[in-house]
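Q: Please take a close look at one helix of this protein, and describe how its buried residues sit against the rest of the chain.

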Amino acid sequence: MHAWRAAFESAFNALMKKAEAGGPGGAEAARRAGFLAAGRDWERAARAFELAARLDPLDAAPRVAL
């Protein structure tokens, strides 16, 4: 695995773990994970944006990104 791929996997997984735990900062973590994955892995980005939209339904950014 390339170093950039390992760094991406680590960062994405950490953000999603925080997002899936919910609570303060969960929606922001999901949003960040979505934008991190958007150029690399659309399926992961979509999953992250969907979670962000559920956690903070008033935030339009995840819905626009989808």
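A: Contact here means that heavy atoms lie within 4.5 Å, and in that sense the buried residues of α2 pack against α1, α3 and α4. The model is a predicted one, and α2 is best read against the whole chain before its residues are taken in turn.

The protein holds four helices and zero strands, and from the N terminus on its elements run α-α-α-α. Its C-alpha trace spans about 40 × 25 × 10 Å along the principal axes. With 66 residues, a compact globule would have a radius of gyration near 11 Å, and the protein has 11 Å, which agrees. Buried residues make up 38% of the 66 residues, and of the contacts with a separation of 6 or more, 42% come from residues 24 or more positions apart. The protein exposes about 4,100 Å², of which carbon and sulfur atoms supply 56%. As for charge, there are 10 positive and 8 negative side chains, and the centres of the two sets lie 4 Å apart.

Helix α2 covers residues 26–37. Its 12 residues reach 17 Å from the first C-alpha to the last, close to the 16 Å expected at 1.5 Å a residue. The buried residues of this helix are Gly 26, Ala 27, Ala 29, Ala 30, Arg 31, Ala 33, Gly 34 and Ala 37. An α-helix has 3.6 residues a turn, so residues three or four places apart point the same way.

Two of these buried residues repay a closer look, and the charged one comes before the other. Arg 31 counts as buried because its relative accessibility is 14%, and the cut-off for buried is under 20%. Leaving aside neighbours within four places in sequence, Arg 31 is in contact with Phe 49, Ala 52, Asp 56, Asp 59, Ala 61 and Pro 62. Among these partners, Phe 49 and Ala 52 are themselves buried residues of α3, while Ala 61 and Pro 62 fall within α4 (61–65).

Ala 37 also lies in helix α2, and because its relative accessibility is 0%, it counts as buried. With neighbours within four places in sequence left aside, Ala 37 is in contact with Phe 8, Phe 12, Trp 42, Arg 44 and Ala 45. Of these, Arg 44 and Ala 45 are listed with the buried residues of α3, whereas Phe 8 and Phe 12 fall within α1 (3–21). Ala 37 and Leu 15 are 22 residues apart in sequence, and their C-alpha atoms are 11 Å apart in space.

The view from α3 complements this picture. Helix α3 takes in residues 42–55, and at 1.5 Å a residue its 14 residues should span 20 Å, which agrees with the 20 Å between its end C-alpha atoms. Its buried residues are Arg 44, Ala 45, Ala 46, Ala 48, Phe 49, Leu 51, Ala 52 and Ala 53, and what covers them includes α1, α2 and α4. Arg 47 of the same helix counts as partly exposed because its relative accessibility is 43%, whereas Arg 31 of α2 counts as buried. Arg 47 and Gly 22 are 25 residues apart in sequence and 15 Å apart in space, C-alpha to C-alpha.

Methods. Residues numbered from 1 in each chain as written. Predicted model: local features only at pLDDT ≥ 70, side-chain atom pairs only at ≥ 80, totals over all residues. Heavy atoms only, no water. Helix = DSSP H or I, 4+ residues; strand = E, 2+ residues; numbered from the N terminus. Buried < 20%, exposed > 50% of the residue type's maximum accessible area, 1.4 Å probe, protein only. Rg over C-alpha atoms; globule rule 2.2 N^0.38 Å. Areas by Shrake-Rupley, 256 points an atom, 1.4 Å probe, with all protein chains shown as cover. Lys, Arg positive; Asp, Glu negative; His and termini not counted. Charge placed at Lys NZ, Arg CZ, Asp CG, Glu CD. Expected span 1.5 Å × (residues − 1).
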